[in-house]
Amino acid sequence: MTSQNLSGDRLPQERRVVTEIPGPRSRELQERRAAAVAPGVGSVLPVYVTDAGGGVLVDADGNSLIDLGSGIAVTSVGNANPRVAARVKEQADRFTHTCFMVAPYESYVAVCENLNRITPGEHEKRSILVNSGAEAVENAVKIARYATGRQAVVVFDHGYHGRTLLTMTLTAKNMPYKQGFGPYAPEVYRMPLAYPFRWPTGPENCGPEAAAQAIDQITKQIGASNVAAVLVEPIQGEGGFIEPAAGFLPAIAEFCRAHGILFIADEVQTGFARTGDMFACEHEGVVPDLVATAKGIAGGLPLAGVTGRADIMDKVHGGGLGGTYGGNPLACEAALAVLEEIEEGKLTERARRIGEIMLPRLRALAAKHEAIGDVRGRGAMIAIELVRPGTKDPDPELTAEIARRCHAQGVLVLTAGTYGNVLRFLPPLVIPEHLLNEGLDVIEEAFAG
Ligand code: PLZ
């Protein structure tokens with residue numbers, strides 16, 4: 001990876017801190033917001049963005065921050081990627097909406113063709129397009145129930161699948177996602193996940209033991225013949241970038257195959273080159289029956305998809321799936337540009353390179369600081385889990401403090417994890433190498449105090 005700015009040279013690719021962060025203009029806007037925007041919607045770092053591209057976000061006070069979040073794994077090809085922006089502008093001048101269910105257009109078909117081509121497995125596939133990750137997951141569950149005639153859905157500890165009624169139910173963590181928002185949707189069952197760092201008998205045994213436990217519980221508590229689908233993130237996102245231990249996903253997929261249960265991969269956060277493969281399932285050669293995608297698919301325009309085996313997708317009656325905006329033409333053009341950028345720019349390789357830079361530096365940092373209990377992830381989806389020294393007790397306070405120090409120095413990092421004790425890094429795949437290294441310098445300094 002070179003230090004050239006692949007997103008064009010519009011914005012200097014530099015960290016520049018010229019005020020306190022947030023600065024006076026952002027603080028003013030934050031006050032205005034408090035009077036207008038419901039407080040239920042939070043912001044990790046309330047700097048008000050005016051411009052972004054490559055590896056930086058520029059705020060209303062003129063600060064240029066290193067972006068290690070990509071708007072939660074969305075702007076993988078760079079913010080306002082020139083090819084995406086050009087395609088969207090051109091489309092905006094022609095038509096902005098027809099509703100695909102009213103009068104269709106070619107770009108929707110082309111995005112589906114691409115999804116069918118690039119998702120794991122050589123079998124015949126079909127896709128639908130919707131607006132958000134939650135909507136994709138929710139539709140995948142609807143399709144799985146329809147196709148199997150069964151109701152139960154199995155999810156895992158630490159899983160995150162969205163904020164709608166069904167996907168909130170599928171999500172593991174109570175605060176902030178579920179508290180007070182019940183009652184939840186029925187027929188959702190949660191199983192243990194192969195979490196290597198916290199597996200009681202150690203990471204070596206974790207994959208097979210966790211799979212055996214999950215399979216035993218599914219069999220005993222639900223009955224395999226009642227299960228429509230098992231839904232899993234191949235690397236958990238909001239749960240703290242937990243990579244299920246080796247062997248776990250293939251064992252679960254095999255169990256599903258043997259019992260007519262559909263295996264749904266939630267690749268919303270992991271998809272589109274983020275982990276160094278086009279989809280994270282490829283790492284262990286798992287071929288899902290259905291895949292939910294969103295985020296990185298369209299460079300920031302709202303788009304999501306469900307792609308699945310043709311025999312499953314073809315079952316649902318005409319008119320059974322859809323929505324006013326699903327596969328909006330602006331978003332479809334953006335997605336076509338994103339896919340060209342990923343494939344021509346070999347962004348899977350770039351993601352791997354990002355991991356090769358980050359992992360050794362973070363492991364060296366962990367060797368110096370007992371508070372870093374685990375360093376993990378693949379490609380450009382990397383995290384560290386913070387604990388109280390000498391224990392595995394989560395340390396959410398230190399996690400928040402390190403994030404605050406990074407923010408103050410102009411590096412946007414995100415937190416995650418059931419216990420709020422994970423710092424996660426999701427740089428745009430096009431981040432210039434010098435900025436990535438500078439971001440890591442700042443993280444190291446934040447640990448130094
Ligand atoms: N599945 C695996 O990561 C979204 C959530 C941000 P939507 N993750 C970011 C927040 O706090 O709301 C996500 C995900 C996985 C589904 C979703 C849901 O995607 O596009 O946010 O609906």
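In this predicted model, the side chain of His158 sits 2.6 Å from the side chain of Thr418, making a polar contact. His158 belongs to the loop that runs between β5 (152-156) and α6. With a relative accessibility of 14%, His158 falls under the 20% cut-off and therefore counts as buried. Setting aside neighbours within four places in sequence, the residues in contact with His158 are Ala172, Tyr195, Glu233, Gln236, Gly239, Ile242, Thr418 and Tyr419. Thr418 thus turns up both as the polar partner of His158 and in this wider contact list.

His158 and Thr418 also share a place in the wall of a cavity. The structure has 3 cavities of 30 Å³ or more, and the largest comes to a volume of about 40 Å³. Rolling a probe the size of a water molecule over the atoms is what shows where such empty space is left. What lines the largest cavity? One stretch of the wall is made up of His158, Gly159 and Tyr160, and another of Thr171, Ala172 and Lys173; Tyr177, Glu238, Gly239 and Thr418 complete the set. Sorted by class, that lining has 5 polar residues, 3 nonpolar ones and 2 charged ones. Ala172 and Gly239, both part of the lining, are also among the contacts of His158.

Next come the backbone oddities, starting with the cis peptide bonds. One of them joins Ile21 to Pro22, with omega at about -5 degrees. Pro22 lies in the segment before α1 (24-36). Another cis bond runs from Met175 to Pro176, and here omega is near 5 degrees. Pro176 is placed in the loop between α6 (165-170) and β6 (188-191).

Positive phi values turn up outside glycine too. Cys99 has a phi near 75 degrees, and its place is the loop between α3 (82-94) and α4 (106-118). Is Cys99 buried or exposed? Its relative accessibility is 8%, so Cys99 counts as buried. Lys295, likewise not a glycine, has a positive phi of about 40 degrees. The loop between β9 (290-293) and β10 (304-309) is where Lys295 is found. Lys295 has a relative accessible area of 22%, which means that this residue is partly exposed.

Key: Residues numbered from 1 in each chain as written. Predicted model: local features only at pLDDT ≥ 70, side-chain atom pairs only at ≥ 80, totals over all residues. Heavy atoms only, no water. Helix = DSSP H or I, 4+ residues; strand = E, 2+ residues; numbered from the N terminus. Buried < 20%, exposed > 50% of the residue type's maximum accessible area, 1.4 Å probe, protein only. 1 Å grid on protein atoms, 1.4 Å probe; cavity = no way out; pocket = protein on both sides within 12 Å on 5 of 7 lines; lining within 4 Å. Points joined across faces, edges and corners; volume = space filled by probe spheres on them. Nonpolar A, V, L, I, M, F, W, Y, C, P; charged D, E, K, R; others polar. Polar contact = N/O pair within 3.5 Å; in protein donor to acceptor, adjacent residues only side chain to side chain. Contact = heavy atoms within 4.5 Å.
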